[in-house]
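Biologist: I would like to learn how to read a model like this one, feature by feature. Could we look at it together?

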Amino acid sequence: MKTATFGKCSKQQRISPPAQGNQASVFLSKYLCTGLILLSTTSLAADPVLNPAQTQAFRGWFVRIVNEQLRQGPNPRWQHRDCAGLVRFAVAEALQKHDAAWLQSNGISRTGLPPEVDLSPASRDALRHNWKQSDGKRAAYVPAFGLVQNNARLIGKDINQAEAGDLLFFDQGDDQHVMVWTGRYIAYHTGTVHPKDSGLRAVRIDQLMQWKDTRWQPRNDNPNFIGIYRLAFLPFAS
């Protein structure tokens with residue numbers, strides 16, 4: 001893998017996340033995240049939850065779309081290109097109808113595609129670009145902290161609990177960062193921007209476990225690793 005860095009999700013202190021992965025050219029949206037509060041597994045009970053077949057299909061599309069950003073570079077429709085922006089974009093596109101026009105416009109072949117996420121139009125609209133805010137309202141944008149605090153459930157800190165499409169969340173004080181477990185490697189956006197760098201990275205778990213800057217190691221004994229989170233509309237347990 002190529003060298004990469006970890007980036008930030010706040011307007012304050014810049015922290016460098018791991019630097020091994022795939023690259024292209026991006027715009028960075030910075031934001032401030034403060035006051036970390038861990039979720040209970042019941043606080044999101046009112047949210048709709050996909051059934052097992054829908055969940056499997058969603059995970060397949062979510063990971064495929066993340067992988068395509070790494071392979072092709074950021075999609076022009078992906079705005080606010082940062083760590084949480086990658087998740088928001090992949091969720092919205094995974095819940096799309098993936099017809100021939102969509103596949104062509106996204107440069108994706110028909111080979112090895114997951115099944116469609118079988119949802120009604122109303123259910124799709126309820127989940128796409130509709131993130132819960134701290135005040136209970138809904139909006140198309142949510143930062144890394146709000147993504148896990150209000151729209152995901154804490155699974156634990158054992159990396160073996162992660163399923164494809166789950167999120168790894170790190171708190172570095174003034175800065176929070178979210179990554180995606182794809183089932184093969186961890187994908188993320190570093191926040192790094194220069195003409196030849198997309199900020200997109202992929203790193204193996206064994207590499208991250210041995211990272212020189214121990215704040216980024218996804219270990220039980222690392223206080224900066226808050227844990228593995230699962231999107232609220234996915235079943236808590238498989």
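Biologist: Which residue in E5 is the bridge partner of phenylalanine 169?

Modeller: In E5, phenylalanine 169 has valine 178 as its bridge partner. Before we go on, this is a predicted model, in which local features need pLDDT of at least 70 and side-chain atom pairs count only at pLDDT 80 or more, while totals for chains, interfaces and linings use all residues. Residues are numbered from 1 along each chain as its sequence is written, and side-chain values use heavy atoms, with hydrogens and water left out.

Biologist: In what sense do E4 and strand E5 pair, and over how many bridges?

Modeller: Strands pair if DSSP finds at least two bridges between them; strands (E, at least two residues) and helices (H or I, at least four) are DSSP runs numbered from the N terminus. Here, E4 and E5 (residues 176-181) are antiparallel, with five bridges. Their hairpin has four residues between the strands, and glycine 173 there takes a positive phi near 90°.

Biologist: And which way does strand E8 run relative to E4?

Modeller: E4 and E8 (residues 225-231) run antiparallel too, joined by four bridges. One place to see this is leucine 167, whose bridge partner in E8 is tyrosine 229.

Biologist: How many residues of strand E4 are buried?

Modeller: Buried means under 20% relative accessible area, exposed over 50%, and partly exposed in between, using a 1.4 Å probe and protein chains only. In E4 (residues 167-171), five of the five residues are buried, so the strand is largely enclosed by the rest of the structure.

Biologist: Which way do the residues of E4 point?

Modeller: In a regular strand, side chains alternate between the two faces of the sheet. In E4, Leu167, Phe169 and Asp171 point one way, Leu168 and Phe170 point the other way, and all are buried.

Biologist: Let us turn to charges. How many salt bridges are there?

Modeller: A salt bridge has a side-chain nitrogen of Lys or Arg within 4 Å of a carboxyl oxygen of Asp or Glu. That rule gives 10 salt bridges here. A good place to start is glutamate 68, which forms one with arginine 64, with closest N and O atoms 3.1 Å apart. Both lie in helix H1 (residues 52-72), four residues apart, about one turn of the helix. Glutamate 68 also meets arginine 71 in a salt bridge of 2.7 Å, N to O, and that pair is three residues apart in H1.

Biologist: Is arginine 71 buried or exposed?

Modeller: Arginine 71 counts as exposed because its relative accessibility is 55%. Glutamate 68, at 7%, counts as buried, and arginine 64 is buried with 16%.

Biologist: What about aspartate 213 and arginine 215?

Modeller: Their closest N and O atoms are 2.7 Å apart in a salt bridge. Aspartate 213 is partly exposed at 23%, and arginine 215 is partly exposed at 29%. Elsewhere, Arg59, Glu163, Asp166 and Arg230 are joined into one network by salt bridges that share partners.

Biologist: Where is arginine 201?

Modeller: Arginine 201 sits in strand E7 (residues 200-203) and counts as buried, at 3% relative accessibility. Its side chain makes a polar contact of 2.9 Å with the side chain of aspartate 197. Such a contact is a pair of N or O atoms within 3.5 Å; within protein, one must be able to donate a hydrogen and the other to accept it, and residues adjacent in sequence count only if both atoms are side-chain atoms.

Biologist: Now the pockets. How much space lies in the largest pocket?

Modeller: On a 1 Å grid over the protein atoms alone, a pocket is an open set of points where a 1.4 Å probe fits, with protein on both sides within 12 Å along at least five of seven lines; lining residues have an atom within 4 Å of a point. Points are joined across faces, edges and corners, and the volume is the space filled by probe spheres set on them. The largest pocket holds about 250 Å³. Of its 16 lining residues, Arg77, Gln79, Arg88, Phe89 and His129 lie nearest the centre, and helix H2 (residues 83-94) gives the most, with six.

Biologist: And what is the volume of the second largest pocket?

Modeller: About 160 Å³. Its lining includes Trp131, Arg138, Asn150 and Phe233. Helix H4 (121-127) and helix H5 (144-151) are the elements that give two or more residues to that lining. Eight of the eight residues of H5 are buried, so this helix is largely enclosed by the rest of the structure.
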